Amino acid sequence: MNLADALIDTASRVEAIFDTLIPATLEPVELSAAMRHALLAGGKRIRPYLCVEAYSLIAPASDSIYTAAAAIEMVHTFSLIHDDLPALDNDDLRRGQPTVHVKFSESTAILAGDALLAMAFDVLGQPHLGTAEQRIDSVRLLASACGPAGMVGGQMDDIAYEGKPLSADQLQHIHVRKTGALLEASVGIGLTFAGASLDDKERLSRYAHCIGLAFQIVDDILDVTGDTATLGKPAGSDLGLDKATYPKIFGLDGALQMAVSLTADAKAALAPYGEKASRLNELADYLLMRTH
Ligand code: GRG
């Protein structure tokens, strides 16, 4: 299976789990409709894919890892809903669809996000996913990727620095938390359920760190070079909010060179796994070359 088909396969498995967990009939139906709108509107499903592929590098295939992957995507989707709110980025388009607050209401969007975040931890704790220790470790990995040392902290600083000059180190510190932490946790959770060794966890955490940063640099570049129809979200949004970005500090070529070099570092971390890591290698290249 090539990478495009493998991503589609992961997406359809994870979407089937969403459909079971949150059927349209789940009360209150207006809340479920908002959650389903956000969850089922497409999306590349990079985080679930990372979780499943990290798991598969170490352990034989298992259906239950897709449930863990779905929990991670629920947190990601939550963060997108809240990120789009008028109080944050105030965007009206996401994954080519109206954002949740535009299609429903601001209060529904806040609550749909809250519900997805809470539900994600419930799902990750399901007994069939693994041992109690693996589930606790995974819950803690996900929680710490969300908290002040992760997404919320990164988002807070991202807002605090709007319109202000930022050094390259400060910008990296924001991106590593805001975007990188959940990508790293996706790999970490896959490895935790696979029973990976500390050595494997360290090597793959290096991979995840590098693709996480490269991912955000490419996101910054696409905000400048992409168009709204292809991105499925408004292009030029960073400029509008006067955000510090990699292209702003290093220029488009400089930013691209950084992403290329981080992708090479990520792939170097996979070298000990040889052919077994070909999927993760391909993913690193795809994230560098992506157009949305
Ligand atoms: C409590 C978890 C938590 C977060 C609240 C709103 C917020 C604080 C943080 C925002 C985090 C955020 C939205 C970062 C942007 C990351 C990013 C580049 C998202 C786009 O990811 P893709 O390209 O999107 O994987 P698709 O649509 O393909 O899933």
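**Reading a helix crossing and a cavity**

Tutor: Start with this one: α1 and α14 are roughly perpendicular to each other. Keep in mind that this is a predicted model.

Student: At what angle do α1 and α14 pack, and how far apart are their axes?

Tutor: Anything from 65 to 115 degrees counts as roughly perpendicular. Here, helix α1 (residues 3-21) meets helix α14 (residues 278-289) at about 95°, and their axes are 10 Å apart. That angle is why the pair gets the label roughly perpendicular.

Student: Which residues of α1 and α14 make the contact?

Tutor: On the α1 side, look at Leu3, Ala6 and Leu7; α14 brings Arg279, Glu282, Leu283 and Tyr286. Sort them by class and you get five nonpolar residues, two charged ones and no polar ones.

Student: Okay, on to empty space. How many cavities of 30 Å³ or more does the structure hold?

Tutor: The general idea: roll a probe the size of a water molecule over the atoms, and you see where empty space is left. In this model, one cavity of 30 Å³ or more turns up. The largest cavity holds about 100 Å³ of space.

Student: Which residues are closest to the centre of the largest cavity?

Tutor: Ala38, Ile81, Asp84, Arg94 and Val100, out of 13 that line it.

Student: And which element supplies the largest share of that lining?

Tutor: That's α4, with four residues. At least two residues each come from α2 (29-39), α4 (64-84) and β2 (97-98).

Student: What's the class split of the lining of the largest cavity?

Tutor: It's a mix: six nonpolar residues, four polar and three charged.

Definitions and conventions
Residues are numbered from 1 along each chain as its sequence is written. This is a predicted model: local features need pLDDT of at least 70, side-chain atom pairs count only at pLDDT 80 or more; totals for chains, interfaces and linings use all residues. Side-chain values use heavy atoms; hydrogens and water are left out. Axes are lines fitted to C-alpha atoms, for helices over the stretch in contact, and angles run from 0 to 180 degrees between N-to-C directions. Angles under 35 degrees count as roughly parallel, over 145 as roughly antiparallel, 65 to 115 as roughly perpendicular and the rest as oblique. Contact means heavy atoms within 4.5 Å. Ala, Val, Leu, Ile, Met, Phe, Trp, Tyr, Cys and Pro count as nonpolar, Asp, Glu, Lys and Arg as charged, and the others, Gly among them, as polar. On a 1 Å grid over the protein atoms alone, a cavity is a set of points where a 1.4 Å probe fits but cannot get out, and a pocket is an open set with protein on both sides within 12 Å along at least five of seven lines; lining residues have an atom within 4 Å of a point. Grid points are joined across faces, edges and corners, and a volume is the space filled by probe spheres set on the points.
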